[in-house]
There are 2 protein chains.
Amino acid sequence: MRNRLKDVAERAGVSVKTVSNVVNGYAHVRPETRARVEEALAELNYRPNLSARSLRSGRTGVIALAVPELDIPYFAELARHVVDAAATHDWTVLIDQTGGVPERERVVADGVRGQLIDGLIFSPLALTGAELARRADPRPMVLLGERDDHGPLDHVAVDNVAAAREITTHLIASGRRRIAAIGAQRATSGASASMRLTGYKQALAAEGIRFDPRRVASAANWHRADGATAMARLLESGVRPDAVFCFNDTLALGAMRALHEHGLRVPDDVAVAGFDDIEDGRFSVPTLTTVVPDKAEIARLAVELLAKRLATGSDGAPAELTAGYRVDLRESA
Amino acid sequence: MRNRLKDVAERAGVSVKTVSNVVNGYAHVRPETRARVEEALAELNYRPNLSARSLRSGRTGVIALAVPELDIPYFAELARHVVDAAATHDWTVLIDQTGGVPERERVVADGVRGQLIDGLIFSPLALTGAELARRADPRPMVLLGERDDHGPLDHVAVDNVAAAREITTHLIASGRRRIAAIGAQRATSGASASMRLTGYKQALAAEGIRFDPRRVASAANWHRADGATAMARLLESGVRPDAVFCFNDTLALGAMRALHEHGLRVPDDVAVAGFDDIEDGRFSVPTLTTVVPDKAEIARLAVELLAKRLATGSDGAPAELTAGYRVDLRESA
DNA sequence: CAGACTTTCTACAACGTTGTAAAGATGGTC
DNA sequence: GACCATCTTTACAACGTTGTAGAAAGTCTG
């Protein structure tokens, strides 16, 4: 049942190379020969051996996508877009989960996958661009997500500062003045966090609202539980926000739960805004106003960067591409 | 930078095969030789070429996991467990998303991945076991999820009937009598649906409550929107349920949203129970009472079935394994 | 210390594929 | 009909790895 070119060749009465030529659509094959070969191909249900092809060609047709966790909805959705974008190049995507753990991230960047993959699309959480740049693996890598320091590496992100500014401005425009923020992190660990915080501050400044550090709650992780505890901390600390900008949707959903537990209504008492547009936010109670990054564009740009590196043999200055976003106003703010 | 055994061998002054022996931990290598080779290995940062290994061995060390969609939380969580279980065999997992589309499912079963994979763990939505059994690909395949008809194929599932019965019984025990169900499907398309419906009916019967078909709402898909519309349909049809068993958590979250919109409180007015234990349900308002399948066990059993097939060359009668579950009582019921 | 056995290392071949080069067939031109 | 160009097909080698078989050197047994 495991059929090789050789078996097909014998059945069709031609050489192995002729079968190979037919399989690969080489033009100069006599029509009758082609027909005979195709018949044999079908009868034997021939499938090319990809290992042999890869060995011969030096390409596997597989790229890796490394993300912190697939059960973070943002990354699950992103993964699907990457798979779709890769399919246009006939590439298979292998997904690696790093857990955001530095050690695992380093191992992935250094090429755990060995010669299994042609390139890597990487959304790191713990490692900086500079750390990643001095990796041992020569295969091309594209970084996803905003980094202040992305080293000499190709890179795709949305303009986080602008997006955060825009959604904060919306909160102000709808009459809120005591706007809290949830999700800040130590500068070293989270570029997303610091950029979103910057956008938030810029919006306040532009509208002449004084920035109050007591209204900013940090969150080491960005899961629901973190959002809930951060919100609770804010409420119990005595700052009485009338709105909160959460640095991602998951935090926002957690924050809404905490607000609910404190007997506060959303958006009546406190408006809530998020970031990422995960599916849950479209069905939460109330639905979540959020920044919608163009995930399909992010995926497409990343795959195309990789394709360019693979085509040109990795040289050329690092590219830094920006994908689009929009703010979707729903019920929560 | 791309180093082969040959380069290492030259550097260490030994034959290619000796390097291979060191890399593979062959015992009979003189310690000094081993040390010299290991030094060369490190200096050149040798990585084995997996394509060549696969070609030689006939094994790729990659298994595929085919699921409907990764942004369905249940499958994202399951995927992580499968990756972990596969890691114990040093296998890499390649995830395929079928979208639940029959054509895509057929293509996956017939081996799109060609010779890239050693085996397949498949959670089909559209195709029956019998349809899947007559596939063209000879590689071992393990089915996940309950099927009434799973053909002559290895298969891992939890006892859906028992689990549905148990959680419905809990609803009854807590005093509910007008218990609705959301998620029924035409018998042909959804074995999960029909088994959960069966468990629901059994629980009613055991407690002497007459089954009322008007209290059962169907849902072609099991997304939030489907749960919300199904719940709304029930409420507007005049049946006044005091509880609802949703055939998965996502439906339940959608149903809770619809209840909220109709001004009904959960669990005070209507208790809600789900199935799957997705992370969202642990943070929803209120948190969701649900059936918790042992996803780690499902993954482990599936991977081990695959390992057994690969070791024994695919013969032996199809196995049918059952993984555990428990009912987690939270706020919603 | 002969013989048998073990340890250490190596050459070779094969896994299935495709690029190269070249041979043979066909067709066209003068 | 000789020549050249193009079409069609083929043999061969190579991609990097590892199993097999065997050579050479070392160790043990009686």
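1. A polar contact is a pair of N or O atoms within 3.5 Å. Keep that in mind as you look at A:Ser20, where an N or O atom of the side chain is 2.8 Å from a phosphate oxygen of DNA strand C. Please remember that this is a predicted model.

2. Let us begin with the two protein copies. A turn of 180° and a shift of 0.0 Å along the axis lay chain B on chain A with an RMSD of 0.1 Å. The two copies are thus related as by a two-fold rotation axis. How do they meet? Of the interface residues of chain B, 100% are also interface residues in chain A, so the copies meet through the same surface.

3. Next, try finding the domains of chain A. The assignment gives domain 1 (5-48), domain 2 (59-158 + 295-325) and domain 3 (160-293). Notice that domain 2 is written as two stretches of sequence. The centres of domain 1 and domain 2 of chain A, taken over C-alpha atoms, are separated by 38 Å.

4. Now to DNA strand C. Which residues come nearest to this strand? Of the 23 residues around DNA strand C, they are A:Leu5, A:Tyr46, A:Arg56, B:Thr18 and B:Thr33. Sugar and phosphate make up 68% of the strand's atoms that come within 4 Å of the protein. Two of these residues can be followed to phosphate oxygens of DNA strand C: A:Leu5 has a backbone N or O atom 2.7 Å from one, and A:Tyr46 has a polar side-chain atom 2.3 Å from one. Helix 2 (16-23) and helix 4 (50-57) of chain A, together with helix 2 (16-23) and helix 4 (50-57) of chain B, are the elements giving two or more residues to the surface near DNA strand C.

5. DNA strand D has 24 residues around it, and A:Thr18, A:Thr33, B:Leu5, B:Tyr46 and B:Arg56 come nearest. A polar side-chain atom of A:Thr18 is 2.6 Å from a phosphate oxygen of DNA strand D, while for A:Arg30 a backbone N or O atom lies 2.9 Å from a phosphate oxygen of this strand. A base takes part too: a backbone N or O atom of B:Ala52 is 3.4 Å from a base nitrogen of DNA strand D. By class, the surface near DNA strand D has 9 nonpolar, 8 polar and 7 charged residues.

6. Finally, a residue to look up in chain A. A:Thr98 sits in the loop between strand 2 (92-97) and helix 6 (102-109). Is A:Thr98 buried or exposed? With 0% relative accessibility, A:Thr98 counts as buried. Leaving aside residues up to four places away in sequence, A:Thr98 touches several others, including A:Val67, A:Pro68 and A:Phe122.

Technical notes: Residues numbered from 1 in each chain as written. Chains lettered and ligands numbered in written order. Predicted model: local features only at pLDDT ≥ 70, side-chain atom pairs only at ≥ 80, totals over all residues. Heavy atoms only, no water. Least-squares fit on C-alpha atoms with pLDDT ≥ 70 in both. Contact = heavy atoms within 4.5 Å. Domains from an automatic or database assignment. Helix = DSSP H or I, 4+ residues; strand = E, 2+ residues; numbered from the N terminus. Buried < 20%, exposed > 50% of the residue type's maximum accessible area, 1.4 Å probe, protein only. Near = heavy atom within 4 Å. Polar contact = N/O pair within 3.5 Å; in protein donor to acceptor, adjacent residues only side chain to side chain. Nonpolar A, V, L, I, M, F, W, Y, C, P; charged D, E, K, R; others polar.
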